[in-house]
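Please open the model in your viewer and keep the selection panel at hand. The tour below suggests what to pick at each stop and says what is there.

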Amino acid sequence: MTEFLQQLINGLSLGAIYALIALGYTMVYGVLRFINFAHSDIFMIGAFAGYYLSKHFPRESMGGGLIVLAGAMIICALLGIIIERLAYRPLRDRSKLNVLITAIGMSLLLENAGQFFFGANPKAFPVLFPVMTIKLGAVVLSSNQMAVFIVTIVVLVGLRFIVMRTKIGTAMRAVSFNPVAASLVGINNDIVISFTFGLGSALAAAGGILYSLNYQAIDPLMGILPGMKAFVAAVLGGIGNIPGAALGGLLLGVIETFFNGSRWSTYTDAIAFTLLILILLFRPAGLLGKAQVEKV
Amino acid sequence: MLEIKNLTVNYGAICALRGVSLEVKQGDIVTLIGANGAGKTTTLRAVSGLLKAQSGEVLYQGRNITNLPAHQIVKLGMSHVPEGRMVFANLTVLENLMMGAYLQKDKTVIQQEMDYVFGIFPRLKERLKQVAGTLSGGEQQMLAIGRALMSKPKFLMLDEPSLGIAPLLVKTIFEKIVEINQQQGISILLVEQNANLALEISRYGYVLETGRIILQDECAALRQNPQVKSAYLGGM
Ligand SMILES: Nc1ncnc2c1ncn2[C@@H]1O[C@H](COP(=O)(O)OP(=O)(O)OP(=O)(O)O)[C@@H](O)[C@H]1O
Ligand SMILES: [Mg+2]
């Protein structure tokens with residue numbers, strides 16, 4: 001039982017990170033109907049932004065950690081907005097395939113730029129938050145896991161508030177449903193799309209930092225695998241569906257962790273992709289997604 | 001209010017409008033009728049900035065708004081209720097109306113507009129929290145018109161408000177359109193397949209055929225016109 005709970009906590013903390021990344025995929029898909037493959041590299045840039053920022057602020061401190069986290073989120077939000085503006089917007093009226101290919105190119109660009117500027121060798125990620133372990137009976141919660149849970153919960157609640165209660169969030173949902181109708185009520189779709197990219201990229205940055213806290217080493221290609229898995233999580237939950245992305249991320253994290261603890265642990269990384277194939281076969285709309293009826 | 005001069009619109013190689021000119025005067029109701037595929041929707045979409053015009057001009061309150069983006073045209077006080085209603089099916093009725101007032105910063109003005117919309121369509125007030133996608137077709141049309149009114153327009157374009165709605169409700173909706181025009185002084189350009197009703201409530205009418213205006217006159221006269229009678233008013 002203890003082991004089960006321990007594994008569950010480990011799984012949820014990994015899943016929370018997948019969820020944070022998955023939200024960016026799903027939100028961008030919601031407004032633009034394409035998969036931003038460069039998203040996983042924004043996650044990586046978030047980790048590096050945290051790495052460099054942490055040199056200027058106290059380590060192992062709550063205040064310093066939060067500043068680094070917020071700083072990385074802001075940097076990535078701006079980066080996401082700039083990428084959309086320069087690379088994707090000019091192709092807005094072209095076929096989705098063109099944008100998709102551009103996104104793959106952007107991903108490669110960021111990875112190579114990362115290797116050029118940050119160096120290809122892994123770097124040790126600093127300890128940002130105060131170290132402590134919390135024992136709940138025999139179950140151990142590390143401070144990094146705590147950080148993951150707290151940050152994820154705050155971010156999810158904040159995101160839900162933005163999307164459901166604010167004007168720009170409502171506009172996001174409106175654009176996502178029908179961009180033409182949105183422009184007819186005076187919504188500037190470009191602004192909403194920029195906002196969405198900024199928001200999604202900020203979440204990826206948070207994910208990148210939390211991930212690095214737990215894995216302690218970062219490198220310019222670190223985004224690829226978690227990014228792919230988060231993409232699977234987004235599809236699992238129902239691409240375009242925000243609660244779905246959160247649910248998909250958590251589920252995937254838990255499933256992977258339990259697998260990792262079993263005798264099939266060598267196949268852990270294959271789980272996500274097996275899952276993807278199964279979803280696409282049996283429930284293409286995802287767990288929370290509604291089957292899309294082509295509009296007439 | 002609105003003046004369209006020689007408007008030409010192409011979809012790729014297909015020429016949908018071939019030099020359309022029409023005018024809506026301040027406070028007027030003008031209707032544009034025509035068969036399926038004549039180019040009525042295209043005309044409205046070009047005016048509201050959803051489509052680029054190849055040539056010609058759209059003047060709104062004396063200002064050239066040709067090819068201005070749609071969201072900027074809304075700012076000038078023009079509202080377009082699109083064909084097929086296009087309510088935000090994933091948003092509640094209230095959220096749809098609030099989005100209609102997207103450009104309005106003043107909360108009291110928004111509340112006034114909302115009260116006005118509820119006055120016209122009390123049904124919407126009963127269903128504020130309902131998700132728009134679950135409204136009936138007629139209710140969605142009311143919502144689409146209500147949403148368009150939330151921006152406090154001076155000029156309203158309606159694309160087939162009778163589409164797919166029971167005859168009794170169509171009558172109500174047309175009465176409301178007249179009411180909006182008379183009480184608020186909002187000028188209206190109405191596109192309809194139901195030429196009978198459209199010519200009844202409008203003052204002036206244009207007949208569009210394959211991208212060209214082939215007839216224009218006072219509606220009273222158009223209704224007596226043998227060509228209009230046989231083609232659009234069901235024979236006699
Ligand atoms: N997106 C498009 N691409 C290509 N052709 C189009 C497109 N939209 C409309 N058309 C063509 O342009 C012409 C005018 O269409 P439009 O929708 O303006 O007609 P309409 O008068 O509104 O018809 P209806 O009464 O059926 O709504 C039609 O021949 C139509 O096939
Ligand atoms: Mg039409």
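The stops go from whole chains to the contact between them and then to single residues.

**Stop 1: chain A as a whole**

Before selecting anything, keep in mind that this is a predicted model. Colour chain A by secondary structure, and 11 helices and 4 strands should appear. Its C-alpha trace spans about 55 × 45 × 35 Å along the principal axes. A compact globule of 296 residues would have a radius of gyration near 19 Å, and because chain A has 19 Å, the value agrees with that expectation.

If you now colour chain A by accessibility, buried residues make up 54% of its 296 residues. The chain exposes about 13,400 Å², of which carbon and sulfur atoms supply 70%. Among the contacts in chain A between residues at least 6 apart in sequence, 77% join residues at least 24 apart. Selecting the charged side chains of chain A picks out 19 positive and 11 negative ones, with the centres of the two sets 9 Å apart.

**Stop 2: Phe4(A)**

Staying in chain A, select Phe4(A), which lies in helix 1, residues 2–32. Its relative accessible area is 44%, and it is therefore classed as partly exposed. For a sense of distance, draw a line from the C-alpha atom of Phe4(A) to that of Met132(A): the two residues are 128 residues apart along the chain, and the atoms are separated by 22 Å.

**Stop 3: chain B as a whole**

Hide chain A for the moment and colour chain B by secondary structure, where there are 10 helices and 10 strands. The C-alpha trace of this chain spans about 45 × 40 × 30 Å along its principal axes. Why is the radius of gyration of chain B said to agree with a compact globule? A globule of 236 residues would have a value near 18 Å, and chain B has 17 Å.

Of the 236 residues in chain B, 55% are buried, while the chain exposes about 10,000 Å², with carbon and sulfur atoms supplying 50% of it. Residues 24 or more positions apart account for 67% of the contacts in chain B with a separation of 6 or more. The charged side chains of chain B number 24 positive and 20 negative, and the centres of the two sets lie 5 Å apart.

**Stop 4: where the chains meet**

Show both chains again and select the residues in contact across the boundary, which are 21 residues from chain B and 18 residues from chain A. Together the two chains bury about 1,800 Å² between them, 68% of it on carbon and sulfur atoms. On the chain B side, display His71(B), Phe88(B) and Tyr102(B) as sticks, since these residues lose the most area to chain A, together 34% of what that side buries.

**Stop 5: Thr42(B)**

Return to chain B and centre on Thr42(B), in helix 1, residues 40–47. With 7% relative accessibility, Thr42(B) counts as buried, because the cut-off for that class is under 20%. Leaving aside neighbours within four places in sequence, the residues in contact with Thr42(B) are Val9(B), Tyr11(B), Ala16(B), Leu17(B) and Leu51(B). Gln72(B), 30 residues from Thr42(B) in sequence, lies 19 Å away, C-alpha to C-alpha.

**Stop 6: Tyr232(B)**

Next select Tyr232(B), which belongs to helix 10, residues 226–232, of chain B. Is Tyr232(B) buried or exposed? Its relative accessible area is 16%, and it is therefore buried. Apart from neighbours within four places in sequence, Tyr232(B) is in contact with Gly34(B), Ala35(B), Ala195(B), Val207(B), Leu208(B) and Glu209(B). From Tyr232(B) to Glu83(B) the separation is 149 residues in sequence and 19 Å in space, C-alpha to C-alpha.

**Stop 7: two positive phi angles**

Most residues other than glycine have a negative phi. Against that background, select Met86(B), whose phi is near 50°, a positive value in a residue other than glycine. Met86(B) is found in the loop between strand 6 (78–81) and helix 3 (93–100) of chain B.

Finish on Glu160(B), which also is not a glycine and has a positive phi of about 50°. Glu160(B) is found in the loop between strand 7 (155–159) and helix 7 (167–184) of chain B, and at 4% relative accessibility it counts as buried.

Key
Residues numbered from 1 in each chain as written. Chains lettered and ligands numbered in written order. Predicted model: local features only at pLDDT ≥ 70, side-chain atom pairs only at ≥ 80, totals over all residues. Heavy atoms only, no water. Rg over C-alpha atoms; globule rule 2.2 N^0.38 Å. Buried < 20%, exposed > 50% of the residue type's maximum accessible area, 1.4 Å probe, protein only. Contact = heavy atoms within 4.5 Å. Areas by Shrake-Rupley, 256 points an atom, 1.4 Å probe, with all protein chains shown as cover. Lys, Arg positive; Asp, Glu negative; His and termini not counted. Charge placed at Lys NZ, Arg CZ, Asp CG, Glu CD. Buried area = accessible area lost by both parts, 1.4 Å probe.
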